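Me: I am new to this structure and should like to understand how its parts fit together. May I put some questions to you in turn?

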Amino acid sequence: MNHPVRNLLLDLGGVLYEIDLPGTLARFEALRAPDAPPIEYGKNSQHVWFSLGDTGHADIDAFTAGLREAYQLHASDAQLREVWLGVLVGVLPGRVEAVEGLAARYRLALLSNTNRFHFEHFAPQCKPMFDRMDHLFLSFEMGVRKPDPEIYLRALAQAGWKAEETLFADDSQANIEAAQALGLQTWWIREHEDFDRMAEALLA
C-alpha cells in the first residue's frame, strides 16, 4: 500500500454478508421454460432486470413481471419473491466484531449493489455493522451500480475521501478493477477468509 489507508469502502454480499448466488440461480432456472435462454445472474454480469432493480429503476413488482416475461418463468409473484429472497443467507460469522474493530481505527462506508426489496430484509440483521459506518452507499438509492465509475466517484465525493487513502474490498473482480482504475487501493475478497486476512493486516 503506497499511501496510508484512512478509509474503508466495503461491499456487503460475499464480504460482510453471505449470499447464495448459485442456489438462487438454480431455483430460478428450475422455473424457466425449456426453450427460454439461460438466466444471466452472477458476480460480474447479470440480466438487465437484475440491474434495473439494483439501480432503483424497477420495484419488486416490475422486477418479477419483467423476469417472468424475459425467461418465461412458470411461477407466481409470491414464488418469485421467495426465490429472490433466498439469495440472502445472513451476516457472516465474526463480521460484526471485525467491523467494530476496524471502525475504531478507520472511517467506514458501505458500497453495495442491492435493491430496496432485499435491503428492507437484510438491514435489520446488519444494523450492528451499519451503525458503525459513516455512510451507506446503496446502488438503488444512487441510481447507478458497480462497476460504473460514477458510483465510486460519487461515494468518495459525498464522504469527502481521497481515492488513494481509501481501501475498497469487494468479491467481484470487475468491481475491483474499476476501483483500481480510479486510484483506490483494493482488496479482492475471493473467499471468506480473505476478509479476515485483510482485517488482521489493517489492525496489525
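Reply: A residue is called buried when its relative accessible area is under 20%, exposed when over 50%, and partly exposed in between. Please bear in mind that this is a predicted model.

Me: As which class does Arg154 count, buried, partly exposed or exposed?

Reply: The relative accessibility of Arg154 is 28%. Since the class between 20% and 50% is the partly exposed one, Arg154 counts as partly exposed.

Me: With which residue do the side-chain atoms of Arg154 meet in a salt bridge, and where does that partner lie?

Reply: Side chains of opposite charge can pair when their charged atoms come close. The N to O distance in the salt bridge of Arg154 is 3.2 Å. Its partner also lies in helix H8, 4 residues apart from Arg154, about one turn of the helix. The partner, itself partly exposed at 38% relative accessible area, is Glu150 of helix H8.

Me: How many salt bridges does the count come to?

Reply: A salt bridge requires a side-chain nitrogen of Lys or Arg within 4 Å of a carboxyl oxygen of Asp or Glu. By this rule the count comes to 13.

Me: Which parts of the chain does the salt bridge of Arg6 with Glu165 link, and how many residues apart are the two?

Reply: The closest N and O atoms of Arg6 and Glu165 are 3.4 Å apart. Arg6 lies in the segment before strand S1 (7–10), whereas Glu165 is in the loop between helix H8 (149–159) and strand S6 (166–170). These are distant parts of the chain, and the two residues are separated by 159 residues.

Me: Is Glu165 buried or exposed?

Reply: Its salt-bridge partner Arg6 has a relative accessible area of 43% and is partly exposed. For Glu165 the value is 16%, and the limit for burial is under 20%. Glu165 is therefore buried.

Me: Which residue forms a salt bridge with Arg197?

Reply: The closest N and O atoms of this pair are 3.5 Å apart. Arg197 is partly exposed at 42% relative accessibility, and the partner is partly exposed at 41%. That partner is Glu191.

Me: How are helices H1 and H4 oriented to each other, roughly parallel or roughly antiparallel?

Reply: The axes of H1 (residues 21–29) and H4 (residues 77–85) come within 9 Å and cross at roughly 160°. Angles over 145 degrees count as roughly antiparallel. H1 and H4 are therefore roughly antiparallel.

Me: Which residues make the contact of H1 with H4, and how do they divide by class?

Reply: From H1 come Thr24, Arg27 and Phe28, which meet Leu80, Val83 and Trp84 in H4. By class, the residues of this contact are 4 nonpolar, 1 polar and 1 charged.

Me: What is the orientation of H4 to helix H6?

Reply: The axes of H4 and H6 (residues 116–130) come within 11 Å and cross at roughly 55°. An angle that is neither under 35, over 145, nor 65 to 115 degrees counts as oblique. H4 is therefore oblique to H6.

Me: Which residues of H4 and H6 make the contact?

Reply: The crossing of these two helices is right-handed. On the H6 side the contact is made by Phe117, His118 and His121, and on the H4 side by Arg81, Trp84 and Leu85.

Me: With which residues is Ile60 in contact, leaving aside its neighbours within four places in sequence?

Reply: Ile60 belongs to helix H3 (residues 60–71). At 15% relative accessibility, Ile60 counts as buried. With those neighbours left aside, Ile60 is in contact with Arg81, Trp84 and Phe117.

Definitions and conventions:
Residues are numbered from 1 along each chain as its sequence is written. This is a predicted model: local features need pLDDT of at least 70, side-chain atom pairs count only at pLDDT 80 or more; totals for chains, interfaces and linings use all residues. Side-chain values use heavy atoms; hydrogens and water are left out. Axes are lines fitted to C-alpha atoms, for helices over the stretch in contact, and angles run from 0 to 180 degrees between N-to-C directions. Contact means heavy atoms within 4.5 Å. Ala, Val, Leu, Ile, Met, Phe, Trp, Tyr, Cys and Pro count as nonpolar, Asp, Glu, Lys and Arg as charged, and the others, Gly among them, as polar. Buried means under 20% relative accessible area, exposed over 50%, partly exposed in between (1.4 Å probe, protein chains only). A crossing is left-handed if the near helix is turned anticlockwise from the far one by less than a right angle, and right-handed if clockwise.
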